[in-house]
Amino acid sequence: MGSPVRRRVLRAVVLLVLGGYFVLPLVAMAEFSTRGRAGERSLESWTSIVDDEGLMEALVNSLLLSVTSAVLMLVLLVPTMAWIRLRLPLLQRLVEFLCLLPLAIPAIVLVVGMAPLYAWVNYFLGDSPLTLTFAYAVLVLPFAYRAIDAGLAAIDLKTLAEAARSLGASWFTVLWKVVVPNIRVALIGASLLSVALVLGEFTIASLLNFDTLQVQVNLLGKRNAGVSIAVSLLCLLFAFVLLFALSHVGRRRRQAVAEEETSPGSN
Amino acid sequence: MTSVAPAATTPGGSTGKTGGAAGRPSAAAWLVAVPFLAFAGTFLVYPTVLVLVGAFQDSNGAFTLGNLGTLFTGVVFDAFLRSIELSALTAVIGAVCGALLTWAIAVGNPDGVLRRVVVAGSGVLAQFGGVPLAFAFLATVGFEGLVTKFLRDSAGVDLFAGSAWLFELPGLTLVYTFFQIPLMVIVFLPALDGLRPQWREANASLGGTSWTYWRHVGGPILTPPFLGALLLLFANAFSAYATAAALVSQGSPIVPLQIRGFLTGEVVLGQENLGKALGLGMVVVVSVAMGVNVLLQRKVAKWVRR
């Protein structure tokens, strides 16, 4: 790494070797999913994705779940976290602990405790896959908490709220018209993360016997590997697009924050 | 959000102007936190407690240490050892390869496409890989995979000559690196970004070589975050379930798959709560890894404060 030349060579080698290591499976998926019956190239696996009713139904379930989970997460977290900063700092530690707790409890362990709980949930609310919303809102807590916390930390919440209150705004107006618009980038980030997480979730859905996208993909793999691999590739690419979009959002925010930080003279 | 409305109409709201957070919150102010606390209590704390308490109960609900005792015997103990071995091995591989990859993108343009692609791709594989990763793996080195076929047809090498290694520990190790290396990139990148170019220049202007830079500047600064990342990777691999579950449908070489066995009905009479004991065991291992990490970072934070 001494001379710039050696550094550049080493960097190129690392990028090529590891890049190849990660691109190879993607290429293999594309190749495998376009295999025809007689050894020719065919898009049969790809076209039969749409024809598979079970898969489509599961996809709809997962898409609905990704929306309901993100909404539930926002409804639960945003008012609570804003309120804690404004009025209830006492709860700060407890809420942070609860939000980060899922990191220490693997999903496979959580599902052991959720199985009896879901017997009750399904008894009262029916056995729609949408009841998974509750479990998924728990899973996204750590990611959402961090995103929203960063968003709230970046604004002067107290001053904004006091200004709005002194102009006669109700607390609900403060939340809806002051807090939410000011941290919308963080909220978009938290939502995108939870959408990606829900669309990729397998552990809880499969062990509670709900029919979601990943559960179907896994089942399908047992009888038609080609279709499963095609869908898997789609999932990975879709998640990539989501996160790539997220990196744009984050970058814009960083720039904005950096401008703010530099303007009043850094200490 | 409707939960906020009642608080807005109470007189307690007017105290906000005076002291804000400093004042004693009114009873109504606490109500806002109720929905979240009720939710977390029901869907997070309750299931967790159920597992932790159940681990100490026999099938009649009486206290017992029998379940925990079973953790240290036979198949279950072997699964724990195997899980720990798998997690430690993939954590080390992931940390080393991941650190190299992180370095390769950190020295490049911070707003470049390469970096953004690698970071976004790492995010996908590290956090949302799951089942698709297992299929990616089957398409590559499965019985009919691209690499398997290539080696068989053109080099005459049979990947599966020895055994069905793909569905055992070696296969899991290989597939786990596909989310461990990316996770390292995500966790380690901020640390590498923290290295200032001035330090390298200072080292060079004092006649130092690249070796002295890494030995006396870069190395010592990066060691704590590297160790922290290593622990995080260990916990991550230890908790992972989806990829292994999609790949291994028969047998339960690692703990998460053993728990699957208990949940899907392979329960021996009188051992209903053994699954919960396994869960407790996993929580303990993960918590130890995370706890050591927290202590480590706290210690570091003390002397890094500038």
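Begin with the largest nonpolar core, which has 161 residues; select A:Val140, A:Ala144, A:Ile148, B:Met184 and B:Leu233, the members that touch the most other members. The model in the viewer is a predicted one.

**The core, from the side of chain A**

Centre the view on A:Ile148. Leaving out residues up to four places away in sequence, A:Ile148 touches A:Leu77, A:Val78, A:Met81, A:Ile183, A:Ala186, A:Leu187 and A:Ala190. A:Ile148 is itself among the core residues that touch the most other members.

**The core, from the side of chain B**

Turn next to B:Ala229, which is found in helix 11 (residues 210–239) of chain B. Is B:Ala229 buried or exposed? It has 25 C-beta neighbours inside 10 Å, and therefore counts as buried, the threshold being 20 or more. Apart from neighbours within four places in sequence, B:Ala229 is in contact with B:Ala95, B:Met184, B:Val187 and B:Phe188. Of these partners, B:Met184 was already selected as one of the core residues touching the most other members. For a distance label, add B:Asn109: its C-alpha atom is 24 Å from that of B:Ala229, and the two residues are 120 apart in sequence.

**Where the chains touch**

Colour the two chains separately and select the contact between them. It takes 74 residues from chain A and 70 residues from chain B. On the side of chain B that touches chain A, helix 3 (residues 34–54) of chain B supplies the largest share, eleven residues. By class, that side of chain B divides into 49 nonpolar, 17 polar and four charged residues.

**Annotated spans of chain A**

Now display chain A alone. An unreviewed UniProt entry gives "domain: ABC transmembrane type-1" for residues 59–246 of chain A. In the model this stretch is 85% helix and 0% strand, and its end C-alpha atoms are 22 Å apart.

UniProt, again in an unreviewed entry, lists residues 12–30, 63–86, 98–121, 133–155, 185–205 and 225–246 of chain A under "transmembrane region". Two of these spans may be selected in turn:

- Residues 63–86 of chain A are 100% helix and 0% strand, with end C-alpha atoms 34 Å apart.
- Residues 225–246 of chain A are likewise 100% helix and 0% strand, and their end C-alpha atoms lie 31 Å apart.

Before leaving chain A, pick A:Asn209 in the loop between helix 10 (203–207) and helix 11 (213–223) of chain A. This residue has a positive phi of about 60° although it is not a glycine. A:Asn209 has 14 other C-beta atoms within 10 Å and is therefore partly exposed.

**Chain B as a whole**

Switch to chain B. How many helices and strands does the secondary structure of chain B have? The count is 14 helices and zero strands. Of the 306 residues in chain B, 40% count as buried. Among its contacts between residues at least 6 apart in sequence, 72% join residues at least 24 apart.

For "transmembrane region", the unreviewed UniProt entry lists residues 27–56, 62–81, 88–106, 118–138, 173–192 and 277–296 of chain B. Two of them are worth displaying:

- Residues 27–56 of chain B are 87% helix and 0% strand, and the end C-alpha atoms lie 38 Å apart.
- Residues 88–106 of chain B are 100% helix and 0% strand, with 26 Å between the end C-alpha atoms.

**A helix pair in chain B**

Select helix 7 (residues 130–141) and helix 8 (residues 146–155) of chain B, which pack at an angle of about 10° with their axes 3 Å apart. Helix 7 and helix 8 of chain B are therefore roughly parallel to each other, as angles under 35 degrees count as such. Their contact joins B:Ala139, B:Thr140 and B:Val141 of helix 7 with B:Leu146, B:Val147 and B:Thr148 of helix 8. By class, this contact has four nonpolar, two polar and no charged residues.

**Further along chain B**

Proceed to B:Trp199 in helix 10 (residues 197–205) of chain B. With 14 other C-beta atoms within 10 Å, B:Trp199 is partly exposed. Add B:Gly218, which is 19 residues from B:Trp199 in sequence and 8.7 Å from it in space, C-alpha to C-alpha.

The last stop is helix 13 (residues 255–263) of chain B, a mostly covered helix in which seven of the nine residues are buried. Those to select are B:Val255, B:Pro256, B:Leu257, B:Gln258, B:Ile259, B:Arg260 and B:Phe262. Just after helix 13 of chain B, B:Gly265 takes a positive phi of about 100°.

Note on methods:
Residues are numbered from 1 along each chain as its sequence is written. Chains are lettered from A and ligands numbered from 1 in the order in which they are written. This is a predicted model: local features need pLDDT of at least 70, side-chain atom pairs count only at pLDDT 80 or more; totals for chains, interfaces and linings use all residues. UniProt positions are given in the numbering used here, feature names are shortened, and annotations may be inferred rather than shown by experiment. Helices (H or I, at least four residues) and strands (E, at least two) are DSSP runs, numbered from the N terminus. A nonpolar core is a set of buried Ala, Val, Leu, Ile, Met, Phe, Trp, Tyr and Cys residues joined through C-beta atoms within 7 Å. A residue is buried if 20 or more other C-beta atoms lie within 10 Å of its own, exposed if 12 or fewer, and partly exposed in between; C-beta atoms are placed from the backbone. Two residues are in contact if their C-beta atoms, placed from the backbone, lie within 7 Å. Ala, Val, Leu, Ile, Met, Phe, Trp, Tyr, Cys and Pro count as nonpolar, Asp, Glu, Lys and Arg as charged, and the others, Gly among them, as polar. Axes are lines fitted to C-alpha atoms, for helices over the stretch in contact, and angles run from 0 to 180 degrees between N-to-C directions. Angles under 35 degrees count as roughly parallel, over 145 as roughly antiparallel, 65 to 115 as roughly perpendicular and the rest as oblique.
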